[in-house]
Amino acid sequence: MNSLAADVARPGYDVASQAVGIVHFGIGAFHRAHQAVYTDDAMAAGDRDWRILGVSLRSADVADQLNPQDGLFTLVERSSDRVAARLIGSVAGVIVAPEHPEAVIDALAAPTTHIVSFTVTEKGYVRRPDGTLDWDNAAVHADSTGSGPPQTIYGFIAAGLARRKAAGLAGLTLLSCDNLADNGARLNRLMTDYLTATDPDLAGWFAQHCRCPGTMVDRIVPAMTDEDRGWIASLSGLEDAGAVITEPFCQWVIEDDFAGPRPRWEAVGAQIVSDVEPYEAAKLRMLNGAHSALAYLGLDRGHDYVHQAIADPALRGIIESLMRDEAAQTLHADSGIDLAAYADALIARFANASLQHRLAQIAMDGSQKVPQRWLEPLAINQAAGRDCPATLQALAAWIGHISGTRRPVDDPMAVQLAELWTTHGPDGIVAALFGQDGLYSGSWTATPEAAVALQAHLAVSGQATAAV
Ligand code: CS2
């Protein structure tokens, strides 16, 4: 490595002397630009021994990037008028779980570990469309039968907790930082179901000694490219394989329900509250709901990036309606959140052209995202007799996307969804997904009018795409 340019801020504490207090599953770019930064700030403000040991459940990429640099990486905040770079010291290193499963369990069972956090994305929770644990998944099945080293978060946490219980150690806080509705309560239910089926005594211990606070996490973090890394090298004078680029905005709302000690994240900008739900619902339905709409509608119109899609007059009105007239109507007016100002701020964040946020990144894993982003608000609005033309237009674009004929589909259910298309065809796909017995009927069932609207959009967008 070369020398660090003088204007790149360094960690404000003695990094090497801090012990690990947090084990984090899913140490992708989002975590490095969010929780790792709050934790770095907390240690700079005086907290001690909260370094983060990252765990990758599959790929060795992040370990290969960060371990040779002792976990250090550059964080760059970028907007049209500002670039700020700093070095983050809170990550101690990364374990590749399939290579060293015992090391992961040791870390979970260490007396100094108090918090296990997760950004494993929606699909990392291995749920069925109705939200319950997918016991048919091969990795969950293998973990539950104990036929080899753990593969899923459930298998690893169960093994770590069993060791803690046997050693008479304290419980853990399991902190989900993924974009699921009610993420803390859901993780608690999934973990409880897993333990009840595999080790009922441990399930009792878990209920007594562990906590799963809910969180709302927010920061837009595009996937890094080689070009980005080259740009950072020219900026800081460092070749940094683990660098991340993000927007200036950052928000973290955490339910005040921990099993033991935690960093004083609230001293460095996080909000610790008694109820996360209003923040989480607003963020999932307005920000993420608009994001997914921009992704599928934007890709259909030939755009590559979020800032291009939001600048397209044909899409801007749909996004405004989806956020203000549809999603916002499902949120509590008395939550204290100014929803009109929130929508304004989101539009400005989407317009940040310097972020280069790819629509294809957001379009990934739609089967796991659509329920909390669109189907919940559709169900609430439908029960209240309100129409949702913008959300339906976006949903139709997703239905077209999962046919697999418009572009490649990166989704754990891609094969199943493409088969639904093959079996039911363009005239039957809406009913197969959202009819009385449809795949997603547990989340939302289309009225006959909504089904007609979806069908009409599908017909139009199908022709439009075919004509391109
Ligand atoms: C995005 C999110 O990829 C996606 O699905 O909607 O990652 C989004 O950028 C973050 O949730 C913003 O906080």
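**Around the ligand**

Let's start at the ligand: 13 residues surround it, each with a heavy atom within 4 Å, and the closest are Asp218, Lys283, His291, Lys369 and Arg373. Bear in mind that this is a predicted model, where local features need pLDDT of at least 70, side-chain atom pairs count only at pLDDT 80 or more, and totals for chains, interfaces and linings use all residues. Residues are numbered from 1 along each chain as its sequence is written, and side-chain values use heavy atoms, with hydrogens and water left out.

Now for the polar contacts, meaning pairs of N or O atoms within 3.5 Å. The side chain of Asp218 puts an N or O atom 2.6 Å from a ligand oxygen. Lys283 also has a polar side-chain atom 2.6 Å from an oxygen of the ligand. With Arg219 it's a backbone N or O atom, 2.9 Å from a ligand oxygen. On its own the ligand exposes 350 Å², and the protein buries 89% of that (Shrake-Rupley areas, 1.4 Å probe).

Where does the shell around the ligand come from? Strand E8 (215-218), helix H10 (277-300) and helix H15 (366-383) each supply at least two residues, and H10 gives the most, with four. Helices here are DSSP runs (H or I) of at least four residues, and strands (E) of at least two. By type, the shell splits into five charged residues (Asp, Glu, Lys, Arg), four nonpolar (Ala, Val, Leu, Ile, Met, Phe, Trp, Tyr, Cys, Pro) and four polar (the others, Gly among them).

As for confidence, mean pLDDT (the predictor's confidence in each residue, from 0 to 100) is 95 for the protein, and 97% of its residues reach 70 or more.

How values were computed. A polar contact is a pair of N or O atoms within 3.5 Å; within protein, one must be able to donate a hydrogen and the other to accept it, and residues adjacent in sequence count only if both atoms are side-chain atoms.
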